[in-house]
Number of protein chains: 2
Amino acid sequence: MDSKQIGNLLQNIPDSDSIMRMAAVFQALQSETRLKILFLLRQKEMCVCEFEQVLSVTQSAISHGLRTLSQLDLVRVRREGKFTIYYIADEHFRTLIEMCLEHVEEKHEL
Amino acid sequence: MDSKQIGNLLQNIPDSDSIMRMAAVFQALQSETRLKILFLLRQKEMCVCEFEQVLSVTQSAISHGLRTLSQLDLVRVRREGKFTIYYIADEHFRTLIEMCLEHVEEKHEL
DNA sequence: TGAATATATGAACAAACGTTCACATATCAA
DNA sequence: TTGATATGTGAACGTTTGTTCATATATTCA
């Protein structure tokens with residue numbers, strides 16, 4: 001492999017910032033708790049105390065998980081009186097979640 | 001939220017095994033080195049010594065990274081004499097990689 | 001055979017992670 | 001105001017991660 005080809009290969013991968021951003025997103029998706037949060041949010045907007053009823057982790061763990069997701073702008077927040085309501089940030093990301101779901105459901109049919 | 005609705009929400013998230021599998025895949029995609037490996041493999045099949053010329057990590061790190069990816073069946077291996085050639089496992093996964101690429105390129109245009 | 005090249009692997013270690021605990025803050029209702 | 005409910009946050013802790021180093025294995029070629 002000559003240096004020309006090496007340069008070519010390197011030019012066709014995302015730049016360092018993009019790679020870092022992607023790594024950060026995937027690492028947020030790597031936690032089972034956060035994945036469950038997202039598959040719940042896919043169904044409806046939810047506040048922390050609702051997650052608490054569904055997931056078997058502490059309120060603190062949920063809160064930390066949601067913070068990770070919202071720092072990456074994968075979920076967003078709306079305050080409604082006593083409650084803090086979380087929802088999927090955009091249709092782009094919702095599509096990704098739906099794709100994951102389709103994918104696992106497909107595997108189940110084999 | 002009544003217990004009926006809780007049950008409903010839980011029924012519509014992937015089962016525990018699927019969640020675990022997904023978490024494992026995302027966790028493989030969370031490493032910058034492994035992401036770079038995949039964006040290179042998207043362009044052409046490669047052996048370890050070629051990765052070595054392109055990436056600035058040790059041969060050992062590349063080998064470990066490739067093992068992680070192939071254990072999850074995201075990349076596959078073919079022996080060719082002295083060389084071990086790695087390639088993207090299937091079109092399904094290739095599509096995912098292409099989607100990531102499109103996504104970051106799109107962001108760049110803003 | 002022996003030297004060179006290509007790859008794999010296990011141990012080690014620092015860094016990062018996810019959870020819980022304890023506590024702080026905020027909002028509502030009385 | 002006070003008590004109850006909802007949520008956020010930092011520290012702590014055990015666990016897992018990614019890399020490197022050292023070494024082992026495998027293949028080719030002379």
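**Close-up 1. Contact of B:Thr58 with the phosphate of DNA strand D in the predicted model.** A polar atom in the side chain of B:Thr58 is placed 2.7 Å from a phosphate oxygen of DNA strand D.

**Close-up 2. Contacts of chain A with a base and with the sugar or linking oxygens of DNA strand D.** In the side chain of A:His64, an N or O atom lies 2.9 Å from a base oxygen of DNA strand D. A:Lys82 contributes a polar backbone atom, 3.5 Å from a sugar or linking oxygen of that strand.

**Close-up 3. The protein surface near DNA strand D.** Chain A gives two or more residues to this surface from each of helix H4 (48-54), helix H5 (59-71) and strand S3 (83-88), and chain B does so from helix H3 (32-41) and helix H5 (59-71). The largest share, five residues, belongs to H5(A). By class, the residues of this surface comprise seven nonpolar, 13 polar and five charged.

**Close-up 4. Residues surrounding DNA strand D.** DNA strand D is surrounded by 25 residues, and A:Cys49, B:Gln27, B:Thr33, B:Arg34 and B:Ser60 are the closest. Of the atoms of DNA strand D that come within 4 Å of the protein, 68% belong to sugar and phosphate.

**Close-up 5. The relation between chains A and B.** Chain B is superposed on chain A by a rotation of 180 degrees with 0.0 Å of shift along its axis, at an RMSD of 0.0 Å. The two copies are therefore related as by a two-fold rotation axis. Within chain B, B:Phe26 has the C-alpha nearest the axis, at 2.7 Å. Both copies use the same surface, as 100% of the contact residues of chain B recur in chain A.

Notes. Residues are numbered from 1 along each chain as its sequence is written. Chains are lettered from A and ligands numbered from 1 in the order in which they are written. This is a predicted model: local features need pLDDT of at least 70, side-chain atom pairs count only at pLDDT 80 or more; totals for chains, interfaces and linings use all residues. Side-chain values use heavy atoms; hydrogens and water are left out. Copies are superposed by least squares on the C-alpha atoms of residues with pLDDT of at least 70 in both. Contact means heavy atoms within 4.5 Å. A residue is near a molecule or strand if one of its heavy atoms lies within 4 Å of it. A polar contact is a pair of N or O atoms within 3.5 Å; within protein, one must be able to donate a hydrogen and the other to accept it, and residues adjacent in sequence count only if both atoms are side-chain atoms. Helices (H or I, at least four residues) and strands (E, at least two) are DSSP runs, numbered from the N terminus. Ala, Val, Leu, Ile, Met, Phe, Trp, Tyr, Cys and Pro count as nonpolar, Asp, Glu, Lys and Arg as charged, and the others, Gly among them, as polar.
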